[in-house]
Amino acid sequence: MTKNRTPDGDAFAALSIAVLRLSAHLQAEGDALAKPAGQTSARWQVLAAADHAPMSVADAARALGLARQGVQRIADLLEGEGLIAYRTNPVHQRAKLMVLTEAGKRALADISARQAVWADEHGAIYGEERLRQAASLINEVIAGFDGRAD
């Protein structure tokens, strides 16, 4: 016998389903934005992480909420294409730091220019206040999951 959810539980389940559906759409949109630069959403995320600050693959994986092995695979592909380079990490001998090369900076700038137009178009539809409220709630839910003991 299954227990019926409370109204709060129903609302959380509805939010969860909506976020999962939105995630699939954002993945497809991100792939479309990155494709002219020869990239995917996943590669774009790693490029953006490396642009944010020199960081290790493990640091990037934590920041992106992804598995380290997946980020390592993408980073190695990006390095092979000359878009990132590995540099010595002064705090960890084996965990090299990822940094963008000039080619990586150009690819990221290309994607970012398209993303700015896309974000402005979609932002105008929903409005800044509503979007900031939605993002705040989603970030609060994420923090709740991040803060719990597993």
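Here are three short exercises, with worked solutions, on a predicted model.

**Exercise 1.** Work out how helix 1 and helix 6 are oriented to each other, and which residues meet.

*Solution.*
- Two packed helices are described by the angle between their axes and the distance between the axes.
- For helix 1 (residues 7–34) and helix 6 (residues 128–147), the angle is about 100° and the axes lie 13 Å apart.
- Angles of 65 to 115 degrees count as roughly perpendicular, so helix 1 and helix 6 are roughly perpendicular to each other.
- Now look at the residues: Phe12, Leu15 and Val19 of helix 1 meet Leu137, Ile138, Val141 and Phe145 of helix 6.
- Sorting the residues of this contact gives 7 nonpolar, no polar and no charged.

**Exercise 2.** Find which helix gives the largest share of the largest nonpolar core.

*Solution.*
- Start with the core itself, which has 23 residues. Val46, Leu47, Leu78, Ile84 and Met98 have the most contacts inside it.
- Elements giving two or more residues to this core include helix 2 (41–52), helix 4 (68–80) and helix 5 (102–126).
- The largest share, 5 residues, comes from helix 2.
- Zoom in on Leu47: beyond its neighbours within four places in sequence, its contacts include Leu78, Ile84 and Leu108.

**Exercise 3.** Decide how the buried residues of helix 3 are arranged around its axis.

*Solution.*
- First list the buried residues of helix 3: Val57, Ala60 and Ala61.
- Seen down the axis of helix 3, they fall within an arc of 100°, so they line one face.
- Turn to the face away from the buried side of helix 3, and you find the exposed residues Arg62 and Ala63.
- Finally, ask what covers the buried residues of helix 3: helix 2, helix 4 and strand 3 are among the elements that do.

Technical notes
Residues are numbered from 1 along each chain as its sequence is written. This is a predicted model: local features need pLDDT of at least 70, side-chain atom pairs count only at pLDDT 80 or more; totals for chains, interfaces and linings use all residues. Side-chain values use heavy atoms; hydrogens and water are left out. Axes are lines fitted to C-alpha atoms, for helices over the stretch in contact, and angles run from 0 to 180 degrees between N-to-C directions. Helices (H or I, at least four residues) and strands (E, at least two) are DSSP runs, numbered from the N terminus. Angles under 35 degrees count as roughly parallel, over 145 as roughly antiparallel, 65 to 115 as roughly perpendicular and the rest as oblique. Contact means heavy atoms within 4.5 Å. Ala, Val, Leu, Ile, Met, Phe, Trp, Tyr, Cys and Pro count as nonpolar, Asp, Glu, Lys and Arg as charged, and the others, Gly among them, as polar. A nonpolar core is a set of buried Ala, Val, Leu, Ile, Met, Phe, Trp, Tyr and Cys residues joined through side-chain atoms within 4.5 Å. Buried means under 20% relative accessible area, exposed over 50%, partly exposed in between (1.4 Å probe, protein chains only). The arc is that of the directions from the helix axis to the C-beta atoms.
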